[in-house]
Amino acid sequence: MVRLDDVDLKILLALIRDPRIQISELADEVAVARNTAQSRLRRLQRAEVLRAGGRDVDLSTLGYDVLAFVTLEVLHRELDTVVTSLRQIPNVLEIHETSGRGDVWVRLIATDTHQLQSGLRQILRIKGVTRSETTFALHTHLAYRTSPLLEHYGEHNH
């Protein structure tokens, strides 16, 4: 597991806000020398905190390796309130309104099952949530990606 200090966190947050930020701008924003920003960025890439070829953060390298998918049933008149409340939980990575079984799908991440249980309790306390079903991810065989689709798009849309 990789430990991050304040400078590392500021770098990651700046990259998330603007993935195309230049090193000199990054250094200014984080208030460090350009060489420091560059070496920190290289260290984060070597430690695979930043996924290869991009500026996407791999949370498992920071100890967030418990992943769950939570399907919620909600009172429809409370849907906006539920979504607003879910947005306030830091461990919630994604929220999708769905059709079929359940009304809302949530991707929830944690460092261990105790933290996950705490997040689930927070979700169940939200006004309008009537039921939840949680599925644990045991292993990720394919992480979120876009390259193959874009390559296919390029081949078929010219």
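Select helix 1 and helix 2 first: their crossing is right-handed (the near helix is turned clockwise from the far one by less than a right angle). Both belong to a predicted model, in which local features need pLDDT of at least 70, side-chain atom pairs count only at pLDDT 80 or more, and totals for chains, interfaces and linings use all residues. Residues are numbered from 1 along each chain as its sequence is written, and side-chain values use heavy atoms, with hydrogens and water left out.

Helix 1 covers residues 6-17 and helix 2 residues 23-30; the two pack at about 125°, with axes 10 Å apart. Helices here are DSSP runs of H or I, at least four residues, and strands are runs of E, at least two. The axes are lines fitted to C-alpha atoms over the stretch in contact, and angles run from 0 to 180 degrees between N-to-C directions. That angle makes helix 1 oblique to helix 2 (outside under 35, 65 to 115 and over 145 degrees).

Next, show the side chains of Val 7, Lys 10, Ile 11, Ala 14 and Arg 17 in helix 1, which meet Leu 26, Glu 29 and Val 30 in helix 2 (contact: heavy atoms within 4.5 Å). Five of these residues are nonpolar, none polar and three charged.

Move to Gly 119, in helix 5 (residues 113-124). Gly 119 counts as buried because its relative accessibility is 5% (buried is under 20%, with a 1.4 Å probe and protein chains only). Add Val 49: its C-alpha atom is 23 Å from that of Gly 119, 70 residues apart along the chain.

Finally, zoom out to the six helices and four strands.

Technical notes
Buried means under 20% relative accessible area, exposed over 50%, partly exposed in between (1.4 Å probe, protein chains only). Ala, Val, Leu, Ile, Met, Phe, Trp, Tyr, Cys and Pro count as nonpolar, Asp, Glu, Lys and Arg as charged, and the others, Gly among them, as polar.
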